[in-house]
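Hi,

Here is the structure I promised to pass on to you. Have a look at it first, then read my notes below with the 3D view open.

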Amino acid sequence: MTFLNILEVLILMYFAFLNSVYAVSVLIAARVMVLQARRGERVILKTYLEREYYKPISVLVPGYNEEPTIVASVHSFLNLQYPEFEVIVINDGSKDKTMQVLIEEFHLEPTVEYPSKVLPTQDIRGLYRCPQHPNLLVIDKANGGKADALNAGIIYATKPLFCAVDADSLLEAEALLRVARQFLEDDTLVAVGGTIRVLNGADFVGDVVETLHAPQSWMERIQVVEYTRAFLAGRSTFSELGVLLIISGAFGLFSRRAVLDVGGYRTDTVGEDMELVVRLHREMREQNLPYSVRYMMDPIAWTQVPNDWGTLKRQRNRWHRGLLETLWRHRVMFFNRKYGRIGFFSMPFYLFFEALAPLIEVFGYVFMLYLAVTGQLNALFAVGFLVMALMYGVLVSVASLGIEGFMVKRYASQKDRLKIMLATLVEQVGYRQILAWERVKAFVDLYRKKGQWGSMTRQKITR
């Protein structure tokens with residue numbers, strides 16, 4: 001067997017293993033969804049509320065240049081169905097009219113308050129309260145990045161749990177009830193993540209997503225597929241196995257004490273959400289403390305996704321740099337007995353099948369082109385590579401969409417569902433390759449613009 005033959009076999013084995021993991025994940029996710037449906041969630045929640053059995057929550061909303069969406073988002077947070085919560089909006093030195101529209105919409109008045117704990121943050125320029133909503137606090141601070149803004153929210157929070165959400169997100173009314181219930185049933189829980197769904201194409205009644213339509217562009221439709229696949233086939237399975245490393249920065253609920261004990265969010269990374277979760281794993285295992293990190297399918301947060309290539313590529317580049325930074329910073333955990341399944345499974349998996357995946361995929365395309373140009377292309381390898389790298393991914397995506405559609409109908413129109421299904425095919429031609437290359441570029445860009453906000457053009461949410 002020649003060296004080229006060995007490379008062909010290794011590439012095929014890599015993608016065969018990766019897609020098989022995702023295929024098994026879809027089956028596990030389907031089982032989890034069925035079990036959750038059988039639990040009688042509404043009855044459980046009603047019982048807890050009647051007994052006044054709940055933990056108060058601080059909803060932290062960091063924002064930078066969020067003028068088009070911030071008002072609708074804050075209204076949605078204030079309308080959440082939860083017995084006791086506060087909303088803390090952190091304006092991180094926005095250059096647009098974010099602060100002005102907040103002051104005008106909520107009739108904010110200056111207030112003097114003192115942080116209950118201390119974490120280093122950029123200068124706090126002002127604190128504001130809303131007379132009509134005493135549970136709304138707005139922090140105006142100098143720009144320091146998302147992690148710095150979250151730390152400012154944490155030190156002014158007064159509740160035992162905090163929920164970190166993006167300023168362009170909308171939470172379903174019962175989202176907090178569903179995710180907070182986990183903390184009542186498990187005293188060792190330090191963090192729970194919810195599901196993120198694509199807001200683009202939604203119709204609203206007030207601040208509530210009433211109906212969903214397939215977004216206008218294929219780019220946005222493909223992101224619907226990506227989000228469904230990532231949360232359904234990825235995080236639900238890792239949560240079941242107790243090896244979850246990521247809770248999305250768009251919607252996660254944390255023990256405030258646990259996060260303060262590990263020093264809050266790091267401000268020198270663009271992947272502050274993943275880094276915090278990995279650090280919680282690391283600190284808890286080093287101290288031999290019982291703990292758990294979990295993901296739930298049911299609590300839903302809606303978020304806008306990019307609708308232009310420039311914004312999308314910057315976002316994926318930033319995500320990949322955050323992944324690489326986190327893996328490198330916590331490299332001591334790799335194959336270290338002290339960190340159990342996190343060190344022996346999660347960290348290696350994210351390194352070989354997430355961080356290095358774009359390098360291997362792009363190499364596969366270049367390698368196949370080289371073989372074709374030099375007349376050495378093996379038809380069996382070419383077909384196998386395309387099936388394993390592309391078509392198997394289509395099947396996993398379609399299965400994920402099908403299972404979710406069967407359990408929870410999101411798109412009422414058959415035409416809209418068909419458009420989303422077709423996006424699984426469109427994703428493989430051009431879109432996937434462009435983003436794979438952008439993630440390769442992230443290796444070069446790794447040490448640039450650490451901790452900075454990613455810019456994104458927002459679409460105004462009409463209430």
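Let's begin with helix α11, where I342, G343, S346, M347, P348, F349, Y350, F353 and A355 are all buried. One thing to keep in mind while you browse: this is a predicted model, so please treat everything here as computed from that model.

**Helix α11 and P348**

How far apart are the end C-alpha atoms of α11? They are 21 Å apart. The helix covers residues 340-355, and at 1.5 Å a residue its 16 residues should span 22 Å, so the two values agree.

P348 sits in this helix. With a relative accessible area of 7%, P348 is buried, because the cut-off for buried is under 20%. Leaving aside residues up to four places away in sequence, P348 touches F334, F335, I342, G343 and F353. You can also look at M333: its C-alpha atom is 9.5 Å from that of P348, with the two positions 15 residues apart in sequence.

**Two residues with a positive phi**

F335, one of the residues that P348 touches, deserves a second look. F335 is in the loop between α10 and α11. Its phi is near 55°, which is positive even though the residue is not a glycine. Here is the background: most residues other than glycine have a negative phi. Is F335 buried, partly exposed or exposed? Its relative accessible area is 49%, so F335 counts as partly exposed, the exposed class being over 50%.

H107 is another case, with a positive phi of about 50° in a residue that is not a glycine. You'll find H107 in the loop between α4 (98-106) and β3 (109-111).

**Helix α10 and its partners**

Now turn to α10, which spans residues 309-329. Let's take its packing with α7 (residues 218-240) before anything else. The axes of α7 and α10 come within 12 Å and cross at roughly 25°. Angles under 35 degrees count as roughly parallel, so that is how α7 and α10 run relative to each other. The crossing of α7 past α10 is left-handed. On the α7 side the contact is made by M219, Q223, E226 and Y227, and on the α10 side by W309, L312, Q315, R316 and W319. Sorted by class, that contact has five nonpolar, two polar and two charged residues.

Helix α9 (residues 272-286) also packs against α10, with axes that come within 9 Å and cross at roughly 20°. That makes α9 roughly parallel to α10 as well. Which hand does this crossing have? α9 passes α10 in a right-handed crossing. The residues involved are M274, E275, V278 and R282 from α9, together with L323, T326 and R329 from α10. They divide into three nonpolar, one polar and three charged.

**α12 against α14**

For another kind of angle, go to α12 (residues 357-373) and α14 (residues 414-444), which pack at about 125° with their axes 8 Å apart. That angle makes α12 oblique to α14. Their crossing is left-handed. From α12, the contact uses A357, P358, L359, E361, V362 and Y365; from α14, it uses R432, Q433, A436, W437, R439, V440 and F443. By class, the contact has nine nonpolar, one polar and three charged residues.

**A buried aspartate**

One more residue to click on is D92, in strand β2 (residues 85-92). Is D92 buried or exposed? At 0% relative accessibility, D92 counts as buried. Next, find D148, which is 56 residues from D92 along the chain. The C-alpha atoms of D92 and D148 are separated by 8.4 Å.

**The whole chain**

Finally, zoom out. The chain has 14 helices and 12 strands. Of its 463 residues, 56% count as buried. If you take the contacts in the chain with a separation of 6 or more, 81% of them are between residues 24 or more positions apart. The pair D92 and D148 is handy for picturing separation along the chain, with its 56 residues and its 8.4 Å between C-alpha atoms.

If you'd like somewhere to start, try colouring α7, α9 and α10 and following the two contacts described above.

Cheers

How values were computed: Residues numbered from 1 in each chain as written. Predicted model: local features only at pLDDT ≥ 70, side-chain atom pairs only at ≥ 80, totals over all residues. Heavy atoms only, no water. Helix = DSSP H or I, 4+ residues; strand = E, 2+ residues; numbered from the N terminus. Expected span 1.5 Å × (residues − 1). Buried < 20%, exposed > 50% of the residue type's maximum accessible area, 1.4 Å probe, protein only. Axes fitted to C-alpha atoms, helices over the stretch in contact; angles between N-to-C directions. Parallel < 35°, antiparallel > 145°, perpendicular 65-115°, else oblique. Left-handed = near helix turned anticlockwise from the far one by under 90°. Contact = heavy atoms within 4.5 Å. Nonpolar A, V, L, I, M, F, W, Y, C, P; charged D, E, K, R; others polar.
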